Structure formats: structure tokens, C-alpha cells
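Student: I should like to learn how to read the features of a protein structure. Could we work through one together, step by step?

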Amino acid sequence: MGNKQTIFTPEQLDAYQDCTFFTRKEILRLFYRYRDLAPQLVPLNYTDKPDVTLPYELIGSMPELKDNPFRQRIAEVFSEDGDGNMTLDDFLDMFSVLSEMAPRDLKAYYAFKIYDFNNDDYICKSDLEKTVNKLTRNELTPEEVRLVCEKVIYEADVDNDGKLSLEDFQHMIIRAPDFL
Amino acid sequence: KDKEEDDRKEEDSCSQQNRASRGKNYQRKNSDGKKAGEEGSRQRERGKKAPTKDQKESENKERKTNKKGKEGENKQKTDRKNSTSSASSNSSDEESLSEEELAMLMEQVEQKKKLISTMRNKPWRMVKKLSVLREAQAFVEKFEGALGKGKGKKLYAYKMMMAKKWVKFKRDFDNFKTQCIPWEMKIKEVESHFGSSVASYFIFLRWMYGVNLVLFGLIFGLVIIPEVLMGMPYGSMPRKTVPRAEQATAMDFSVLWDFEGYIKYSALFYGYYNNQRTIGWLKYRLPMAYFMVGISVFGYSLMVVIRSMARNANESTTDGDDDNFIFSWKMFTSWDYLIGNPETADNKFASITTSFKESIVDEQESNKDENIHLRRFLRVLANVLIICCLCGSGYLIYFVVKRSQTFSKMQNIGWYERNEVEIVMSLLGMFCPPLFETIAALENYHPRIGLKWQLGRIFALFLGNLYTFLLALMDDVNEKLAEEDVVKNITHWMPLGHHNLSTGNGSTATPPPLDPADVPRGPCWETTVGIEFVRLTVSDILVTYITILVGDFIRACFVRFVNYCWCWDLEAGFPSYAEFDISGNVLGLVFNQGMIWMGSFYAPGLVGINVLRLLTSMYFQCWAVMSSNVPHERVFKASKSNNFYMGLLLLILFLSLLPVAYTIMSLPPSFDCGPFSGKKRMYEVIQETIELDFPLFVAKIFSYVANPGLIIPAILLMVLAIYYLNAVAEAYQRANAELKKKMQLQREEEKNKRNNKASTNPVLQDPEDLLTPSTKSESRPKQAEDKKTESPNRTSPVGKQGKAAALDGSPMTGGRGAAFTLPPHMFMTQPPTLGVRAPYPGHPRLRGHPPGPVPGRGRGQPRY
């Protein structure tokens with residue numbers, strides 16, 4: 001790590017700082033994390049914006065995500081192509097949203113997207129079932145899962161359409177004590 | 001996506017572009033469908049919501065490419081056009097009024113700036129963010145200079161430049177600040193292994209360290225350093241000299257270890273300081289400084305604690321007290337996204353599963369009476385047991401302290417007798433918390449609530465111990481005060497009788513000005529108290545470290561290595577590895593801090609010891625946790641606001657303020673040691689300073705202010721203010737609760753309505769079911785979106801004509817059928833080709849009551 005970094009131009013760094021919740025150093029650190037995933041793929045010079053994407057298998061193997069039941073979804077939501085393959089921009093984006101500086105609104109928005117497995121802008125029952133199963137590693141019986149999903153919809157569905165819209169979700173999650 | 005669209009609509013500088021592409025969509029839709037051009041807004045919305053992902057993607061791309069192309073050729077023109085076009089909607093004569101244009105431009109620039117500063121909050125892709133950012137910056141860059149006219153121009157430009165510089169400076173400063181946060185990586189590592197609750201302890205520890213560093217700076221810089229540099233040197237005065245009788249052993253380690261000997265007569269303790277009003281060439285008023293620092297230590301701590309409490313309270317939302325969302329929260333927020341360790345993840349999975357199961361069971365049989373009775377009984381039993389423990393420990397300490405007073409009168413007592421109080425207190429602190437934990441297992445609370453109970457109990461234990469200790473100390477102090485009077489009398493006639501004594505002794509030729517080591521002196525109760533506190537702190541440190549070493553590390557080593565040759569599985573069986581005891585550690589920290597606060601007035605060096613302690617314990621505990629602890633069986637998250645810790649801290653701060661304030665206000669300081677010697681009370685130093693160093697009128701004002709006639713009304717006023725604010729807060733809370741109830745009611749109502757409708761609907765909906773295929777395709781999106789089609793006034797012009805509906809497998813009928821049993825509609829959420837279909841015509845969306853908390857995102861209105 002040379003003193004004078006040549007990976008980004010200062011303008012790029014400034015732009016990244018404007019677009020994320022990170023400081024210069026953190027952006028650089030993230031870049032190195034990104035690069036460590038595939039040193040042979042990622043060049044050490046980003047000033048001319050090389051078009052590099054890392055496949056999901058690499059992203060998902062990061063220790064931050066490795067044990068997360070929703071890693072696939074997270075990668076998909078934040079990746080440009082929706083398949084979990086990430087460019088550096090996507091990568092920074094993801095960590096910016098997941099960082100503790102990000103406001104709850106933004107997090108809620110992305111959380112919604114993450115839980116919305118079929119990308120239809122609603123969290124419907126099948127999404128809920130998938131969520132529960134991922135959370136419990138399929139250890140609940142189908143009836144239990146069904147019950148839980150029904151309860152969730154009963155609790156959180158403000159406008160009564162049998163599925164959770166973004167508003168419902170935000171309304172519910174913003175006041176959760178645990179929502180980080 | 002919707003939101004994104006809205007944002008884009010508002011702020012995208014290429015709104016024209018958007019409009020164009022939108023128009024294209026519009027047209028495409030029109031050509032496909034038949035209801036052209038009724039409500040643009042609805043149409044657009046449908047169009048937006050419905051398209052499948054690819055379509056959206058392609059749309060985006062289209063837009064982007066358009067944008068890029070244009071950007072390339074004439075970017076400024078777009079900007080210009082944009083600004084004027086929006087102006088044109090308002091005023092037709094935009095060309096004539098340059099003022100207005102300027103104002104408009106200014107507004108635009110401001111808007112752009114706001115956009116730049118809030119860029120990071122936008123849920124957009126990075127690419128988009130970057131491009132929009134670049135655009136906005138270019139725009140600002142370009143038009144900033146054009147703003148302001150004539151004379152004002154330069155000033156404006158200058159201001160802009162300064163603003164830019166300021167932003168840059170702020171960013172650099174932020175960068176610097178984050179670099180200065182210590183142990184970030186360490187804590188993150190712990191966090192990933194043990195979940196956020198354990199990490200919250202370390203964050204608290206770090207915060208504590210910061211506070212202590214400031215306190216240390218205050219005391220060290222304003223009291224200790226001046227005294228050492230400018231005060232009288234060691235040995236020049238009786239109070240700064242080891243007495244003759246102790247000199248032989250003053251350097252022995254065992255003596256030093258008890259903070260006697262040279263340490264006792266050093267700047268670490270109160271007694272060393274001189275009561276000289278000013279010292280050195282700076283005329284530094286040391287006694288005054290000592291007093292003010294003593295006060296400001298409390299003032300600063302109070303301020304910091306309260307400020308961080310307020311900040312936490314702001315951050316934390318309206319507590320999780322309403323149990324409306326048990327399952328939802330469990331589902332969406334139970335995963336701790338910070339976990340990065342398979343073992344912890346396993347535990348987390350298990351705990352989530354059990355918690356789900358528990359709440360399912362709760363839900364299924366919410367009328368399990370006997371269980372509740374049993375639980376209540378157990379909880380009461382647990383509390384009784386714990387109160388017994390508390391009483392027992394209180395009595396034990398009282399007993400020990402009493403005994404130590406008899407010990408202190410005896411000669412040649414052993415090490416154990418001398419340190420009995422500390423040992424007993426430390427042992428109590430070591431063994432009671434686990435005992436409480438065992439008892440608390442009876443209660444079966446949620447771990448987070450359980451943690452709070454546990455904390456509260458240990459807190460009560462420590463507090464009881466501390467206060468018994470203090471009371472005993474007070475006894476001691478009173479005794480010393482009595483003793484002091486005697487010594488005082490001796491020193492009075494000392495100069496007279498001195499000759500006889502010295503000649504009788506015939507020892508060293510003591511000159512008439514007595515050697516400072518020989519002067520009889522009082523017991524100096526302040527130093528005694530200070531030593532007590534330092535000893536207590538040190539023994540606390542040792543006990544903590546030894547506990548960690550033995551209880552965690554040795555145990556872990558034993559379990560790890562003896563496991564190979566043991567009859568049962570040690571790792572899974574009885575001893576296993578230790579868990580990190582959050583409550584005990586936090587409490588230890590808080591309690592320790594209380595002692596520091598109390599003791600720092602009598603022993604200025606105490607804060608330095610504490611800083612060292614926190615520093616080492618940060619590294620030591622991090623290491624111990626990572627090396628020898630296992631994650632909790634029920635991993636749970638610390639909620640973001642750790643106001644509970646802060647509340648405890650505040651409480652103990654207040655409680656430690658009390659004894660100090662008492663001694664300052666109502667005990668006479670020792671006559672021959674410390675900065676306040678010779679005064680009746682310690683606070684007199686202030687009066688003295690005011691009288692001697694300030695002009696007369698200040699003294700007058702001060703005497704007025706200190707008048708009870710003024711103080712009592714002031715206190716009354718404060719009480720009134722508190723009462724008023726409290727009432728206001730209560731009123732708000734009530735209003736809040738009212739609103740919440742209303743919302744609940746509304747929901748119930750709607751649900752009922754829907755249920756009713758479900759029974760009556762078949763009749764109403766019959767005609768709908770019999771739509772022609774074409775209209776069916778239209779009504780589908782409607783179903784998907786607002787299923788509350790309460791109004792049967794559907795004016796679909798084509799519909800209701802025939803029985804052509806019998807297309808089997810038609811999602812329409814299927815949906816209806818299912819609607820009776822459970823709220824379905826989910827399979828309809830993604831009609832495959834909806835985007836291309838004719839947008840649904842007719843009445844605007846009937847959202848009977850707009851869902852309370854989320855104000856409309858402007859769905860209804862056309863937004864061009």
C-alpha cells in the first residue's frame with residue numbers, strides 16, 4: 001500500500017465519497033478487499049474504469065456474507081445484472097448500504113428488495129415462506145411456516161392486499177428495535 | 001422502483017429525455033390497448049409497475065443511452081433547456097425577465113447542490129449515482145459563476161469558493177476522525193464472531209476510555225503537572241515528606257503495594273498539595289484549580305453521559321413496546337447481519353428457530369393459564385431468592401467492615417486482616433453474578449429482558465456493597481476527625497515544648513525550624529479515603545484479570561487439551577467453554593467508573609490508573625474473548641440504543657456525586673494537608689478567590705446569587721419547568737397512542753369490510769367474471785393492485801357484455817375463487833406481459849383510507 005495511491009484519481013475518490021457513506025480510507029480498504037477476492041482479475045488501476053465483474057461465487061465466499069442465509073439475495077439485489085455478479089461499483093454500493101452510517105430508510109428500502117425474492121415489488125407469501133425457511137434452515141414444518149407467514153401478513157399488511165408493499169414494510173420495520 | 005421513478009422525475013436533469021421515453025411507452029401502450037389517454041398518471045404508474053424486469057432494464061438502458069448521447073453533444077444545452085423548460089411551465093415570458101431567470105437558475109443550482117449532498121441516500125445503482133453526480137456537479141460548476149450580478153458577483157464567487165473549501169475541509173476532517181477511532185477492526189472482529197451484543201460491550205468500553213482520557217487530561221494538566229513543576233518540591237514541607245517513623249520502610253515493595261510510604265506522600269494523593277494560594281511565576285491558583293477540576297470532572301461526565309443518552313434516544317425509534325409486529329419483526333430483523341462465523345451462525349439459526357417455535361406455541365394456545373401461574377410463581381420465587389442474596393451480601397460487608405475497625409486498632413495484624421474488606425467485596429462481586437444468573441434461569445425471560453434484570457440485580461448488589469463500604473468509611477473519617485483535633489492541639493503548643501523534646505532526644509541536631517519529617521501531623525482523612533479507593537480499584541482490576549485468566553483461559557485450555565483423555569466429552573459436557581458474560585462486564589465497568597468518580601477528588605492519580613486499566617483490559621479482554629470464549633447459545637442482538645448502560649452510568653454518577661458533595665460542603669478539611677488546609681470548609685476557596693481576585697461588585701453579585709432567597713425560587717422554577725415539559729411529553733404520548741389506536745381500528749374495519757365483501761361479492765362480481773378476454777386483461781392489474789374494488793361502479797366501456805369468460809385456466813376466475821378462503825392475489829402479482837397491455841381505465845384508485853404513516857408518494861397525480 002504505497003503512500004500515494006494510484007488506483008483512483010482524486011476525482012473518482014471524491015465522487016465515491018459523495019455516493020457512499022465511506023471515507024477515503026475505507027473506500028481503499030474496500031477496494032483491496034474486492035481485489036483480494038480475485039487478484040488476477042482486478043487490476044490495480046481503476047483510473048480508466050476497467051469493466052470487471054466478479055462472479056457471485058467469489059462474492060458469496062466473503063466472510064461477511066459467507067454465513068448469511070440471504071447472501072444470494074443480497075448479491076443479486078446489489079448487482080447490476082441481477083445475478084449476483086458484481087462490479088466494484090456494485091460492491092461499494094452494497095457495503096455502503098449495509099454500513100452502520102446508512103439511514104434506516106435506505107436500509108429499509110434495500111431490505112425490502114432483499115426479501116422480495118421474486119422481484120415483483122411486493123413481499124408475498126412465497127417470499128415470506130422462503131425467508132422463514134432460510135432463517136430456520138427448513139426446520140419448521142410446513143404448517144408452522146404457513147402460520148408464521150399468515151401472522152406476518154396479518155400484522156404488517158396495512159392496506160389489506162394480502163402482501164406487503166414497500167410502505168407496509170417500511171411502516172413495520174422502521175419501528176423495530178432490532179433493525180440495524 | 002416506484003420511488004426511484006419519483007425521485008428521478010423530480011431530480012433527474014434530463015427530465016425531457018424521460019418525458020420523451022415515457023411518451024414512447026405511452027404510445028406503445030396506446031397502440032396496444034384501446035383506452036387511450038384518460039389518466040396519464042395511472043397509466044404511467046401501471047406501465048411502471050407492471051413491466052417485467054427485462055423490460056424495465058431495457059427502458060433504463062434506453063434512457064441511459066439517450067442521455068449519454070445527448071450528454072456527449074450538447075450537455076449544456078440540455079441543462080439550459082431543462083432549466084428553461086421548467087420555467088416555461090410557470091411563466092411564459094421567461095426570456096424577458098432575466099431576474100426571474102436568475103432566480104430560477106439559483107434555485108436550480110441550490111437544488112443540484114442538495115442533490116449532491118444527499119446523493120448517498122438515494123437507492124440508485126452506483127453507475128447512475130455517479131453519472132447524476134457528475135452531471136449535477138458540472139451544472140453547478142457552470143452556472144455558479146453566472147449567478148450574482150454586478151458587485152455581488154465577486155462576493156458570491158468568493159462565498160462559493162469558501163463553501164467548497166469548507167466542504168473539502170470537512171471531508172478531510174471526517175477522514176481524519178475515522179482514522180482516529182481506535183480498535184475499530186478489533187471490535188469488528190469480535191462482532192463478527194460473537195454478534196453485536198458482545199461487541200456493544202467493547203464499544204462501551206471504548207467510549208468509557210475516551211471519557212476517562214478527557215478526565216485524565218483535565219486532572220493531569222491542570223492539577224498534577226502544575227503542582228509538580230511549580231509547587232514546593234518534595235521534602236520541603238511536612239505534608240510532602242514521609243514521617244520519620246515510616247522512612248525506614250517507605251521504599252519497601254509491600255509498603256508501596258499498599259499505597260503507603262513514598263506513594264502516599266506523592267502528587268497522586270490529596271494530602272500532597274499545598275494550600276499556598278498561588279504558585280510559581282504564573283501565579284497559578286492551585287487550590288482553586290483543584291476545586292474547579294474536581295467539580296468539572298463531574299460536570300463533564302454528566303454532560304457527556306446525558307448528551308449521549310439524548311442522542312441515543314433520538315436514534316432509537318418508539319421503543320419496541322407495542323407488540324403489533326411480533327412475527328414480522330422476528331422474520332425480518334432477527335438475523336444479525338454482522339455475524340461472520342459459522343459457529344455463531346449455527347447458534348443463531350437455532351435460536352431463531354426456537355424463538356419462532358415459541359411464539360407459534362404462544363399463539364396457538366394463548367390461554368395457557370397454569371403455565372402463566374407457574375411462571376409467575378417462579379419469577380416471584382427468583383426475586384425473593386435474589387433479595388435474600390442481596391441482604392446477605394450487605395450484611396456480610398457490614399460485618400467485615402466493623403471487624404476491620406477492630407482490627408485496625410490491634411497491632412501487628414496479618415495481610416489478610418488488613419485486606420479483608422477488599423477481598424470479601426471482590427469475592428462477592430465474583431460469585432454473586434453467576435448465582436443470580438442461575439436463579440434467573442427460573443424466570444425464563446427473553447434474553448434481552450433477562451439481561452436487563454440481571455444487570456439491575458448486579459447493580460443493586462454492587463451499589464449496596466459500595467454504600468456499606470462508604471458508610472464504614474464515613475465512620476472512619478469521623479474517627480480521624482476527632483483524632484485530628486487532638487493533634488492540632490499538640491501542634492499548637494509544639495513550638496513551646498519543642499526544645500525540651502529535642503534536647504531530651506539528643507538525636508540529630510534538629511534546628512529550631514523542625515525537620516519536616518518530624519513534625520507531628522494529623523491523620524489527613526482525605527488521603528486515607530483516597531488510598532481506600534485506589535486500593536479498591538487495584539484489587540478490582542486484579543480480581544477481574546485473574547477471573548478472566550482462570551475462569552476463561554485456564555478452563556478453555558483444560559477443556560481443550562484434557563478432552564483427549566477424559567471419560568466424557570468436556571467440550572460438550574459439564575465444564576465446556578465459558579461464554580462472555582456481558583452483564584457482569586458492563587456492570588463491572590460502570591461500578592469501577594463510579595469509584596473513579598468518587599475517588600478522583602481525593603486521589604488525582606486514580607484517573608490515570610483507570611486509563612491504564614481500560615487500555616489493558618481492551619486488549620486483554622479482546623484476546624480472552626477471541627481465544628477462550630464461545631458464542632452465546634442464544635445469540636441475540638443488542639438493540640441499537642444502549643441507553644440502558646447509559647442510564648446505569650448516570651445513576652452511579654449521581655450516586656458518586658453525593659458523598660463527594662457531602663464532604664465538600666459539610667466536612668472540615670484536614671488542617672495540615674491538602675490544598676484546602678486552614679479553611680473551615682472546602683468550598684471556601686471560591687469565596688476567597690472571589691473576594692481577593694475579583695472586583696468588588698462581582699463579590700456582591702455572588703453573595704446575592706448565593707442567597708437562599710434567590711436559590712429557592714430558582715429551584716422552584718426548575719421544578720415547574722420539569723413539570724410542564726413532562727406534561728407536554730405526556731400529552732404527545734397520548735396523542736401518539738390515540739393515533740395508533742385509530743389506525744388499528746381502521747385496519748380492523750377494513751378487514752371486516754373485506755370479509756363482508758367476500759360473502760357478498762359473488763353477486764357483485766358475477767358480471768365482472770364474465771368479461772370478455774380483452775377486458776379481463778385490463779382488470780387484472782387492477783386486481784393485483786387495489787383489491788379493494790369496493791365500488792362496483794366500474795365504467796369499463798367494453799366489459800360486461802357476455803359470457804365469454806369461460807376460458808378455463810383464466811387467472812381471473814381462479815383468483816376469485818381463492819379470494820374466499822384466504823387473501824390470495826399473490827399469484828397475480830406478476831402478470832407476465834402486463835406492461836404492454838392496455839392500462840386500466842376508469843376511476844382513480846380508490847384507496848379508501850390512505851395508509852397512515854407513509855404519506856402518499858404522489859401516486860395519484862400526474863407529475864409531468
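Tutor: Let us begin with the contacts in chain B, bearing in mind that this is a predicted model. Among contacts in chain B between residues at least 6 apart in sequence, those joining residues at least 24 apart make up 77%.

Student: Which pairs in chain B show residues far apart in sequence and what is their separation in space, for instance for Ala313(B) and Asn643(B)?

Tutor: Ala313(B) and Asn643(B) are 330 residues apart in sequence, and their C-alpha atoms are 7.3 Å apart. Ala313(B) belongs to helix H12, residues 286-315 of chain B. A second pair is Leu542(B) and Arg613(B), which are 71 residues apart along the chain, with 9.9 Å between their C-alpha atoms. Leu542(B) is part of helix H19 of chain B.

Student: Are Ala313(B) and Leu542(B) buried, partly exposed or exposed?

Tutor: One reads this from the relative accessible area, where partly exposed covers values between under 20% for buried and over 50% for exposed. Ala313(B) has a relative accessible area of 41%, so it is partly exposed. Leu542(B) is also partly exposed, because its relative accessibility is 38%.

Student: How many helices and strands does chain B have, and what share of its residues is buried?

Tutor: Chain B has 27 helices and two strands. Of its 864 residues, 45% are buried.

Student: Where is Thr241(B) placed, and is it buried or exposed?

Tutor: Thr241(B) sits in the loop between helix H9 (196-230) and helix H10 (253-257) of chain B. Its relative accessible area is 6%, so Thr241(B) is buried. Leaving aside residues up to four places away in sequence, Thr241(B) touches Tyr234(B), Gly235(B), Ser236(B), Gln247(B), Tyr265(B), Pro516(B), Ala517(B) and Arg521(B).

Student: How should one read a nonpolar core, and which residues have the most contacts inside the largest one?

Tutor: The general idea is that, in soluble globular proteins, nonpolar side chains tend to be buried together. Here the largest nonpolar core has 103 residues, and Phe202(B), Phe204(B) and Phe533(B) have the most contacts inside it. Helix H18 of chain B, residues 447-505, gives the most to this core, with 14 residues. Another core, of 75 residues, lies apart from it and includes Ala15(A), Ile74(A), Leu128(A) and Val109(B).

Student: Which residues does Phe202(B) touch, not counting residues up to four places away in sequence?

Tutor: The partners of Phe202(B) are Ile187(B), Val190(B), Phe580(B), Met618(B), Gln621(B), Cys622(B) and Val625(B).

Student: How does one describe the packing of two helices?

Tutor: Two packed helices are described by the angle between their axes and the distance between the axes. Consider helix H8 (residues 184-194) and helix H21 (residues 606-628) of chain B, whose axes come within 11 Å and cross at roughly 30°. That angle makes H8(B) roughly parallel to H21(B), and their crossing is left-handed. On the H8(B) side the contact is made by Lys186(B), Ile187(B), Glu189(B), Val190(B), His193(B) and Phe194(B); on the H21(B) side, by Met618(B), Tyr619(B), Cys622(B), Val625(B) and Met626(B).

Student: At what angle do helix H19 and helix H20 of chain B pack?

Tutor: Helix H19 (residues 525-562) and helix H20 (residues 582-599) of chain B pack at about 160°, with their axes 10 Å apart. H19(B) is therefore roughly antiparallel to H20(B). Their crossing is left-handed. Phe533(B), Leu536(B), Thr537(B) and Asp540(B) of H19(B) meet Asn592(B), Met595(B), Ile596(B), Met598(B) and Gly599(B) of H20(B).

Student: What is the arrangement of helix H7 and helix H10 in chain A?

Tutor: Helix H7 (residues 104-115) and helix H10 (residues 166-174) of chain A have axes 10 Å apart and pack at an angle of about 125°. H7(A) and H10(A) are therefore oblique to each other, and H7(A) passes H10(A) in a right-handed crossing. Among the residues of H7(A) that meet H10(A) are Ala108(A), Phe112(A) and Tyr115(A).

Student: Which residues of chain A does UniProt assign to the feature "domain: EF-hand"?

Tutor: The unreviewed UniProt entry places this feature at residues 103-138 and 144-179 of chain A. In the model, residues 103-138 of chain A are 67% helix and 0% strand, with the end C-alpha atoms 32 Å apart.

Student: Which residues of chain B does UniProt list under "transmembrane region"?

Tutor: The spans listed in the unreviewed UniProt entry include residues 421-442 and 701-725 of chain B. Residues 421-442 of chain B are 91% helix and 0% strand, and their end C-alpha atoms lie 32 Å apart. For residues 701-725 of chain B, the chain is 92% helix and 0% strand, with 30 Å between the end C-alpha atoms.

Technical notes:
Residues numbered from 1 in each chain as written. Chains lettered and ligands numbered in written order. Predicted model: local features only at pLDDT ≥ 70, side-chain atom pairs only at ≥ 80, totals over all residues. Heavy atoms only, no water. UniProt positions renumbered as here; feature names shortened; annotations may be inferred. Helix = DSSP H or I, 4+ residues; strand = E, 2+ residues; numbered from the N terminus. Buried < 20%, exposed > 50% of the residue type's maximum accessible area, 1.4 Å probe, protein only. Contact = heavy atoms within 4.5 Å. Core = buried A, V, L, I, M, F, W, Y, C linked by side-chain atoms within 4.5 Å. Axes fitted to C-alpha atoms, helices over the stretch in contact; angles between N-to-C directions. Parallel < 35°, antiparallel > 145°, perpendicular 65-115°, else oblique. Left-handed = near helix turned anticlockwise from the far one by under 90°.
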